[in-house]
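Open the model in your viewer, keep the selection panel handy, and follow along stop by stop.

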Amino acid sequence: MFPYIPHTEEDVKYMLDTLGMKELEELFADIPKEVRLGRELNLEAPKSELEVQRLMNGLANKNKPTGELLSFLGAGAYDHYIPTVVKHITGRSEFYTAYTPYQAEISQGTLQAIFEFQTMIANLTGMDLSNASMYDGSTATAEAAAMAGDATRRKEILISETVHPETRQVLNTYAHFNGLKVETVPAAAGVTDLEKLKTMISKETAGVILQTPNFFGIIEEVEEVEKMIHEVKGLLIMNVDPISLGILKAPGDLGADIVVGEGHAMGNPMSYGGPYLGFMAATTKLMRKMPGRIAGQTTDIEGKTGYVLTLQTREQHIRREKATSNICSNQALNALAALVYMSVLGKKGIQEVARQSYKKAHHALTEIEKVTGFKRTFDKPFFKEFAVQVPTSPAAVNEALLKEGILGGYELGKHYQDQSNSLLFCVTEKRTLDDIQRLVKGLEVAKA
């Protein structure tokens, strides 16, 4: 078998003749020689299809999926149960081949799915409306910051240090090119330092970004932050775990102006970090500032129900300089998975998932603290994640757990120097009491 070469010598000659060139090198005449590689690519010899399959399978087998390991790792990617009906529906060809619904007359199924997804997100968050097409939770947060700046005509964004570190990195990248000034509000004992926040908020502040449950799994005191930011007529942006809303008060009831989050926990697999989907909900007065799209329900000339893209504030639909963002990917397949998940579980089902995650996480922490040398890092109310101080190196603890077939906690020292001896554990509804005991025994081995 030979390597795949798309152009024959005849093809190349025809192309050069058409362009009035004699050598292929002439195509690259505008590229300065000093920036060219100047040698052949360092590639292995070509392989047959069979050899490539064997190579790729060998690489894949080096991975340890959560189906083989007992996972207590969270930090943004969560091992929740996915009902089999989700894969069945999303695997239907009319959905997985769908892309952007430009033509409403042939995109009714996709548009209805987006409309229903928006409706459920709005209901879940307690907000007036929701949009579609957010890439993921981090970029949705960055889009919300830009939206707040546009709505208030201010440039300053305050974000808590307890927001996911990677989300803060994404925000800083977006802010650099949007002319926003981002300031980080320090953490104190695992939560946002409210006293420090009071001194930082001003009439120049467009919005405050708060994550709850925060990166440490702790539930933040949103009410105080809401009062502070609204006193200066800024916006409250909340980044939330949608599963937590099964038992926690809805952001809309807490006075949030914009609500964003990562939706993968609803019916989407972890998949080594993606693809995921973000969601965004807001108050009615901010509707025309929202990025992405809003699908709406209407009737046709015969009075039959139909679906359309009601608002399209992205650059592919309107003049670039008037666009609120340049979001392009639809993320509709991931949103469909979340929609099916929410539909199948319903209100009571999501409440049960949240309740089980909460109770099992608290039980796990109680059992872990019975192991000498392990104790909670923060004594604060939490949802399904909690930080634990360990008696030895967190990396060593995780290595020992891995030998026992357990995927341990997230090493907080990667982002927080003052937490270099802490691991962040996550417990979802999938973990049984026996699973938790396995973790505890694994920690006993790890400290030895």
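**First stop: a pair of helices.** Select helix H5 (residues 108-125) together with H10: their axes cross at roughly 55 degrees and come within 9 Å. Before you go further, remember that you are looking at a predicted model. Are H5 and H10 parallel or oblique to each other? An angle between 35 and 65 degrees falls in the oblique class, and H5 and H10 are therefore oblique. Turn the view until one helix lies in front of the other, and you have a left-handed crossing of H5 and H10.

Now show side chains at this contact. From H5, pick Thr110, Ala113, Glu116, Phe117, Met120, Ile121 and Leu124. On the H10 side they meet Ala332, Ala335, Leu336, Ala338, Leu339, Met342 and Ser343. Colour the contact of H5 with H10 by class and you should find 11 nonpolar, 2 polar and 1 charged residues.

**A short detour from Thr110.** Keep Thr110 selected and add Glu94, which sits in helix H4 (residues 93-96). These two residues are 16 apart along the chain, and their C-alpha atoms are separated by 8.6 Å. Which residue does the side chain of Glu94 join in a polar contact? Select Arg92: the contact between the two side chains is 2.8 Å. A surface display shows Glu94 as partly exposed, because its relative accessible area is 41%, between the limits of 20% and 50%.

**Along H10 to its other partner.** Return to H10, which spans residues 332-368, and add helix H12 (residues 433-447). H10 and H12 pack at an angle of about 30 degrees, with axes 10 Å apart. That makes the two helices roughly parallel, since the angle is under 35 degrees. The crossing here is right-handed.

For the side chains, take Lys360, His363, Ala364, Glu367 and Ile368 from H10. They meet Leu433, Ile436, Gln437, Leu439, Val440 and Leu443 of H12. The residues of this contact divide into 7 nonpolar, 2 polar and 2 charged.

**Just before H12.** Step back into the loop between strand E17 (422-426) and H12, and select Arg431. Is Arg431 buried or exposed? It counts as buried, because its relative accessibility is 7% and the cut-off for buried is under 20%. Leaving out residues up to four places away in sequence, show what Arg431 touches: Leu70, Ser71, Phe72, Asp79 and Lys360. Lys360 should already be on your screen, as one of the H10 residues at the contact with H12.

**Follow the contact to Ser71.** From Arg431, move to Ser71, which lies in strand E1 (residues 70-71). Ser71 is buried, with a relative accessible area of 3%. Draw a distance from its side chain to the backbone nitrogen of Leu73, and you should read 3.4 Å. With residues up to four places away again left out, Ser71 touches Thr66, Asp79, Leu407, Cys426 and Arg431. Asp79 is also touched by Arg431.

**Last stop: zoom out.** Show the whole protein as a cartoon, and you have 12 helices and 17 strands in view. Along the principal axes, the C-alpha atoms fill a box of roughly 75 × 60 × 50 Å. Of the 448 residues, 47% count as buried. How many of the contacts between residues at least 6 apart in sequence join residues at least 24 apart? The share is 69%.

Definitions and conventions:
Residues are numbered from 1 along each chain as its sequence is written. This is a predicted model: local features need pLDDT of at least 70, side-chain atom pairs count only at pLDDT 80 or more; totals for chains, interfaces and linings use all residues. Side-chain values use heavy atoms; hydrogens and water are left out. Helices (H or I, at least four residues) and strands (E, at least two) are DSSP runs, numbered from the N terminus. Buried means under 20% relative accessible area, exposed over 50%, partly exposed in between (1.4 Å probe, protein chains only). A polar contact is a pair of N or O atoms within 3.5 Å; within protein, one must be able to donate a hydrogen and the other to accept it, and residues adjacent in sequence count only if both atoms are side-chain atoms. Contact means heavy atoms within 4.5 Å. Axes are lines fitted to C-alpha atoms, for helices over the stretch in contact, and angles run from 0 to 180 degrees between N-to-C directions. Angles under 35 degrees count as roughly parallel, over 145 as roughly antiparallel, 65 to 115 as roughly perpendicular and the rest as oblique. A crossing is left-handed if the near helix is turned anticlockwise from the far one by less than a right angle, and right-handed if clockwise. Ala, Val, Leu, Ile, Met, Phe, Trp, Tyr, Cys and Pro count as nonpolar, Asp, Glu, Lys and Arg as charged, and the others, Gly among them, as polar.
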